[in-house]
Amino acid sequence: MTLTEARGLVSMTDGAQVHWQALGDTTRLPAVVLLHGGPGLPDYLDAIAPMVADLAPVYRYDQRGTGRSPWQGRHSLVRHVEDLAELLDAWELSEAVLIGHSYGTGLASRFCLRHSDRVHAVLLMCGPFVGDWRTEERAERGRRMSAAQQQRLRELEELPERTEEQEVELLTLAWFADHSDPGRGWRWAAEGARRRRPVNWAMNAELGAEGRADPLDGHLAELRARPPVRAELLGGVDDPRPVSALESLALRLARPLTRQGGSTTVHGFVANRGPQKTANSFTNTPFVMDIVAGQQG
């Protein structure tokens with residue numbers, strides 16, 4: 001079946017231009033919005049959209065300052081939340097199913113805090129991580145990287161400017177340990193380092209600093225009190241970021257957690273299994289089956 005594609009630019013109230021794409025029949029409800037991670041990366045969830053688009057229309061977009069959404073000004077978490085609200089207005093959606101990955105889970109969570117009436121359901125893939133999870137993550141990355149790789153990564157991070165090849169090398173070193181299999185991880189990371197570009201490092205620094213100053217940890221009681229009808233978490237058991245942190249979050253939010261296991265998971269995604277097996281793994285999760293597929297008329 002051929003899926004309908006659409007794309008466009010939406011002007012935000014502050015003048016930013018946000019590029020979006022839709023796949024599937026946009027007259028069907030509920031619609032799904034994919035929220036990519038980073039922060040500072042362009043949208044990379046193109047492989048996920050077709051897995052759901054025959055069940056529900058799927059919207060995704062380059063967050064301002066990334067990809068085809070140019071922006072030279074400051075970044076704030078509130079502004080990124082309002083970007084999503086303005087996009088829903090432009091798409092004429094009163095509400096949507098939000099599926100966030102990595103940083104996108106924090107964006108989805110903060111959107112729930114400000115616009116809970118516009119969230120039909122939410123799936124948080126590999127995040128948000130709360131509490132002191134970075135200590136365990138750093139230790140696990142240290143086990144997956146050689147001393148020489150760790151040293152080279154530090155050298156590249158300290159450079160005031162990097163060439164194109166140095167940037168690709170830095171991202172490959174930073175990302176390959178997301179995969180529990182070093183060989184597969186290196187190939188996956190090297191491919192992503194050339195495709196998920198350019199990285200907006202200023203955006204990454206600004207939103208990272210704001211997130212540390214106002215972490216979601218302090219909003220969990222409110223988030224639990226004002227959730228959408230359906231909210232679930234999904235985590236990869238072999239992610240260097242500890243799944244125990246997601247287990248703790250699921251308990252604090254009183255929401256279920258699905259664990260994706262095996263050496264084929266990359267930061268919560270199922271990888272290197274072929275398109276059909278990957279699609280089946282994702283679309284057969286209880287969330288997608290119950291919320292996306294189950295409510296189509």
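**Notebook: strand β3 and the α5/α6 pair**

I started with strand pairing and found that β3 (residues 32-35) and strand β4 (residues 58-61) pair in the parallel sense, over three bridges. A reminder to myself: this is a predicted model.

Next I looked for the residue facing V32 in β4, and V58 stands opposite.

Then I turned to β5. Strand β5 (residues 96-101) runs parallel to β3, and four bridges join the two. Here V32 has V97 of β5 opposite.

Are the side chains of β3 buried or exposed? I checked both faces and found them covered: V32 and L34 are buried on one side, V33 and L35 on the other. I noted the general pattern alongside: in a regular strand, side chains alternate between the two faces of the sheet.

On to the helices. I recalled that two packed helices are described by the angle between their axes and the distance between the axes. For helix α5 (residues 147-158) and helix α6 (residues 164-175), I noted axes that come within 10 Å and cross at roughly 135°. That angle makes α5 oblique to α6, because only angles over 145 degrees count as roughly antiparallel. I also wrote down the handedness: α5 passes α6 in a left-handed crossing.

Which residues meet where α5 and α6 touch? From α5 I listed Q149, R152, L153, L156 and E157; from α6, Q166, E169, L170, L173 and A174. Sorted by class, this contact has five nonpolar, two polar and three charged residues.

Technical notes:
Residues numbered from 1 in each chain as written. Predicted model: local features only at pLDDT ≥ 70, side-chain atom pairs only at ≥ 80, totals over all residues. Heavy atoms only, no water. Axes fitted to C-alpha atoms, helices over the stretch in contact; angles between N-to-C directions. Parallel < 35°, antiparallel > 145°, perpendicular 65-115°, else oblique. Left-handed = near helix turned anticlockwise from the far one by under 90°. Contact = heavy atoms within 4.5 Å. Nonpolar A, V, L, I, M, F, W, Y, C, P; charged D, E, K, R; others polar. Buried < 20%, exposed > 50% of the residue type's maximum accessible area, 1.4 Å probe, protein only. Pairing = 2+ DSSP bridges.
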